[in-house]
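This report considers the internal spaces, the packing and the backbone features of one protein model. The sequence and the structure are shown first.

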Amino acid sequence: MEIGKVVMGVLVMLLGLSGWSAAADPQHRRSKSVFPEPAPSSSINIVRSSLVFPLHGNVYPMGYYYVTLNIGQPPKPYFLDPDTGSDLTWLQCDAPCVRCTKAPHPLYRPTNDLVICKDPVCASLHPPGHKCEHPQQCDYEVEYADGGSSLGVLVRDSFPLNFTNGLQLVPRLVLGCGYDQIPGPSSHPLDGVLGLGKGKSSIVSQLNDQGVIRNVVGHCVSSRGGGFLFFGDDLYDSSRVVWTPMSRDQHAHYSSGYAELIFGGKTSVSKNLQVTFDSGSSYTYLNSLAYQSLVHLVRRELSDKPLREALDDQTLPLCWRGRRPFKSIRDVKKFFKPLALNFADGRRSKTLYDIPLEGYLIISLKGNVCMGILNGTEAGLQDFNVLGDISMQDKMVIYDNDKYLIGWTPANCDRLPKFKAAIL
């Protein structure tokens with residue numbers, strides 16, 4: 001069953017809770033000394049600005065989004081999965097490669113600028129007291145919720161970047177040279193992952209540490225496909241953004257405070273949901289209890305409507321067919337009700353996150369309507385709740401790591417912004 005990208009990065013959180021650190025099969029997943037001595041790296045310090053990158057893809061039928069980054073000297077293009085659920089950016093790497101999956105570009109050829117074991121970025125990827133097998137390099141391993149993983153070493157390389165204030169810079173940033181990949185069942189033909197989390201190894205955190213931008217990342221995915229990704233804070237008017245505090249309990253991920261899921265504007269589906277915003281997930285996931293409550297309300301709402309469950313449509317776990325094939329969500333607006341998340345902001349007031357029909361329904365290639373909210377417990381996410389791309393469409397979603405806030409506002413995600421007025 002194709003359910004798109006399954007929450008890349010969230011399992012890193014789950015593994016952290018369970019104490020995961022080493023490869024499951026040391027005989028085949030051992031780290032290796034890859035390069036000679038590391039070369040010195042340089043830092044830059046400029047007036048803060050922003051970066052904007054076009055996004056390509058869609059929730060359905062592709063099931064993923066990607067961004068193009070030019071890396072290296074001379075720069076070469078790579079297609080990366082933008083993932084707010086994990087920190088490390090890595091490329092499939094010819095070091096040489098032990099196991100690599102099919103990719104749209106030739107494998108990345110690494111520099112000899114190794115990140116040493118004592119580097120703070122290396123330390124951020126390992127538990128306290130970790131001892132490196134090779135002190136002159138930093139080995140890493142990341143594993144994702146769908147069972148996929150990447151093993152490799154950290155290197156520094158050039159990232160040519162065009163800023164919104166007109167400056168063109170080529171900072172040297174840390175990334176993973178992944179020489180051993182195990183694809184998950186929901187993997188897609190990409191060159192690697194663009195980690196956008198809060199950790200020190202995140203590209204955004206590194207640019208912030210170099211004084212280039214504020215530690216803010218955001219995205220705007222369109223229900224018509226595509227959109228844009230941005231780093232920095234000069235692309236939106238903060239006064240027109242709805243903000244809710246970022247949870248201090250979930251240090252590694254973009255999680256809100258507790259929220260109540262509302263059905264049809266008034267009926268409570270579930271309370272006290274801690275929600276993780278994850279651009280690496282195509283669909284939205286609820287814990288089993290909340291999911292079953294929502295399914296019960298949807299089925300009850302449809303009981304007197306001319307729709308029947310389409311058991312032969314395996315696009316998603318729950319699909320319904322009408323008297324004739326549906327062509328768009330507009331065709332089903334009279335049958336379904338919108339959803340909303342009501343966040344408590346800690347000041348006795350609440351903040352509403354609207355989820356219209358387009359935010360949780362798709363029209364399958366068979367012309368049926370399917371629910372893009374899935375059972376996270378069955379997907380291996382335990383009791384975590386994940387807000388995926390489907391529920392973030394046609395909104396600018398902003399993660400301000402300096403102020404510990406998550407914000408959102410309706411936006412035209414089809415148009416690449418050049419300045420504030422172009423977005424809101």
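Strands β16 (284-286) and β24 each contribute at least two residues to the lining of the largest cavity. The model that contains this cavity is a predicted one. Eleven positions can be inspected around the space: Leu261, Val275, Thr284, Tyr285, Leu286, Leu341, Ile355, Ile373, Asn385, Val386 and Leu387 line the largest cavity. By class, nine of these lining residues are nonpolar and two are polar, and no charged residue takes part. The volume enclosed is about 70 Å³.

In total, two cavities of 30 Å³ or more are counted. The second largest cavity holds about 60 Å³ of space. Its lining consists of Leu55, Tyr65, Pro82, Leu196, His219, Val221, Leu229, Ser279 and Asp389. Here the classes come to six nonpolar, two polar and one charged.

A pocket may be set beside these cavities. The second largest pocket has a volume of about 440 Å³. Its lining comprises 18 residues, and those closest to the pocket centre are Ser223, Ile329, Glu358, Leu361 and Ile363. Strand β21 (residues 361-363) provides the largest share of this lining, namely three residues. Nine residues of the pocket lining are nonpolar, five are polar and four are charged.

The table gathers the three spaces.

| Space | Volume | Lining by class |
|---|---|---|
| Largest cavity | about 70 Å³ | nine nonpolar, two polar, no charged residues |
| Second largest cavity | about 60 Å³ | six nonpolar, two polar, one charged residues |
| Second largest pocket | about 440 Å³ | nine nonpolar, five polar, four charged residues |

**Nonpolar cores**

Which residues touch the most other members of the largest nonpolar core? They are Phe231, Phe277, Phe336, Tyr353 and Met371, within a core of 92 residues. Helix α4 (residues 288-302) supplies the largest share of this core, with seven residues. A second, separate core has 14 residues, including Val115, Val121, Val142 and Val193.

Tyr353 merits a closer view. When residues up to four places away in sequence are not counted, Tyr353 touches Phe277, Ala340, Leu341, Phe343, Leu387, Ser391, Met392, Lys395, Val397 and Trp408. Two of these partners, Leu341 and Leu387, also appear in the lining of the largest cavity.

**The protein as a whole**

The secondary structure comprises four helices and 26 strands. Of the 424 residues in the protein, 58% are buried. Among contacts with a separation of 6 or more, 71% link residues 24 or more positions apart. The protein exposes about 18200 Å², and carbon and sulfur atoms supply 52% of that area.

**A buried glutamine**

Gln206 belongs to helix α3 (residues 203-209). Is the side of the helix represented by this residue buried or exposed? Gln206 counts as buried because its relative accessible area is 7%, whereas the limit for a buried residue is under 20%. Apart from its neighbours within four places in sequence, Gln206 is in contact with Leu173, Val174, Lys200 and Ser201.

**Backbone features**

Two cis peptide bonds may be examined, each preceding a proline. One joins Tyr60 and Pro61, with omega of about 15°. Pro61 is located in the loop between β1 (51-58) and β2 (64-71). Another joins Gln73 and Pro74, with omega of about 5°. Pro74 is located in the loop between β2 and β3 (76-83). Strand β2 therefore borders both of these loops.Two residues have a positive phi although neither is a glycine. For Gln382 the angle is about 55°, and this residue lies in the loop between β23 (373-375) and β24 (385-387). Gln382 is partly exposed, with a relative accessible area of 48%. For Asp394 the angle is about 60°, and this residue is found in the loop between β24 and β25 (395-400). Asp394 is likewise partly exposed, with a relative accessible area of 24%. Strand β24, which borders the loop of Gln382 and the loop of Asp394, is also one of the strands that supply at least two residues to the lining of the largest cavity.

How values were computed. Residues numbered from 1 in each chain as written. Predicted model: local features only at pLDDT ≥ 70, side-chain atom pairs only at ≥ 80, totals over all residues. Heavy atoms only, no water. 1 Å grid on protein atoms, 1.4 Å probe; cavity = no way out; pocket = protein on both sides within 12 Å on 5 of 7 lines; lining within 4 Å. Points joined across faces, edges and corners; volume = space filled by probe spheres on them. Nonpolar A, V, L, I, M, F, W, Y, C, P; charged D, E, K, R; others polar. Buried < 20%, exposed > 50% of the residue type's maximum accessible area, 1.4 Å probe, protein only. Core = buried A, V, L, I, M, F, W, Y, C linked by side-chain atoms within 4.5 Å. Contact = heavy atoms within 4.5 Å. Areas by Shrake-Rupley, 256 points an atom, 1.4 Å probe, with all protein chains shown as cover.
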